[in-house]
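Biologist: Could you walk me through one part of this structure up close? I'd like to know which residues touch which, and I'm new to this, so please take it step by step.

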Amino acid sequence: MDNKNKNEDFEITPKLVFDLNLALYLDLVAALESAGAVTYRQMAARVLNVSMDARADGEVGLSTVLEGVAKGFAGQSDGMSIELLKAAHGLRDDEALGDVPMRPAID
């Protein structure tokens, strides 16, 4: 029987680390959203803010990936236009939260 460590052939690359971190992050956001702690709209705005800052810093690749994540969040539940979120980027009162205020419910 071969006693070779099966983990020796497993190469940990920066892409693998990024993909695993992203998968864990997306699972965490889904759990927070289902618990009512955060909305997908809020997460879309937050991730898009980071994406736009990364693009401004010249990190085009990272910005593109993060914008894709933001589009995924924006497309959940009630949906939201990424272009609208981009336009609101400089208008938000609380850029740390990156939130677009929710529309009041009609009773």
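Modeller: Let's start with leucine 48: setting aside residues up to four places away in sequence, leucine 48 touches Glu67, Ala70, Ile82, Leu85 and Lys86. Keep in mind as we go that this is a predicted model. Leucine 48 has its place in helix α2, which covers residues 40–56. Is leucine 48 buried or exposed? Its relative accessibility is 0%, and buried means under 20%, so leucine 48 counts as buried. One of its contacts, isoleucine 82, sits 34 residues away along the chain, yet the C-alpha atoms of leucine 48 and isoleucine 82 are separated by 8.1 Å.

Now pick up another name from that list, glutamate 67. Glutamate 67 lies in helix α3, and helix α3 runs over residues 60–74. Its relative accessibility is 12%, so glutamate 67 counts as buried. Which residues is glutamate 67 in contact with, leaving aside its neighbours within four places in sequence? They are Leu48, Ser51, Arg55, Ile82 and Lys86. So here is leucine 48 again, now seen from the glutamate 67 side. Ile82 and Lys86 should ring a bell too, because leucine 48, which counts as buried at 0% relative accessibility, also touches Ile82 and Lys86.

Stay in α3 and look at serine 63, which is found in that helix. Serine 63 counts as buried, because its relative accessibility is 1%. Not counting residues up to four places away in sequence, serine 63 touches Ser51, Ala54 and Arg55. Ser51 and Arg55 were on the contact list of glutamate 67 as well.

Next, let's turn to the rings. How many aromatic pairs does a search of the whole structure find? Two. Tyrosine 25 and phenylalanine 73 make an edge-to-face pair, 6.5 Å centre to centre with 65° between the planes. This pair links distant parts of the chain, since tyrosine 25 is in helix α1 and phenylalanine 73 is in helix α3, 48 residues apart. Tyrosine 25 is partly exposed, with a relative accessible area of 31%, whereas phenylalanine 73 is buried, at 5%. The other pair is stacked: tyrosine 40 and phenylalanine 73, 6.1 Å centre to centre, with 25° between the planes. Tyrosine 40 lies in helix α2 and phenylalanine 73 in helix α3, so this pair ties together parts that are 33 residues apart in sequence. Tyrosine 40 and phenylalanine 73 are both buried. Put the pairs together and you get one aromatic cluster, formed by Tyr25, Tyr40 and Phe73.

Finally, let's see how α1 and α3 meet. Two packed helices are described by the angle between their axes and the distance between the axes. Helix α1 covers residues 14–34, and its axis comes within 13 Å of the α3 axis, crossing at roughly 25°. Angles under 35 degrees count as roughly parallel, so α1 is roughly parallel to α3. The crossing of α1 past α3 is right-handed. Which residues meet there? From α1 come Phe18, Leu22, Tyr25, Leu26 and Val29, and from α3 come Leu62, Val65, Val69 and Phe73. By class, this contact of α1 with α3 has nine nonpolar residues, no polar ones and no charged ones. You'll also recognise Tyr25 and Phe73 here, two members of the aromatic cluster.

Note on methods. Residues numbered from 1 in each chain as written. Predicted model: local features only at pLDDT ≥ 70, side-chain atom pairs only at ≥ 80, totals over all residues. Heavy atoms only, no water. Axes fitted to C-alpha atoms, helices over the stretch in contact; angles between N-to-C directions. Helix = DSSP H or I, 4+ residues; strand = E, 2+ residues; numbered from the N terminus. Parallel < 35°, antiparallel > 145°, perpendicular 65-115°, else oblique. Left-handed = near helix turned anticlockwise from the far one by under 90°. Contact = heavy atoms within 4.5 Å. Nonpolar A, V, L, I, M, F, W, Y, C, P; charged D, E, K, R; others polar. Buried < 20%, exposed > 50% of the residue type's maximum accessible area, 1.4 Å probe, protein only. Phe/Tyr/Trp six-rings, centres within 6.5 Å; stacked < 30°, edge-to-face > 60°.
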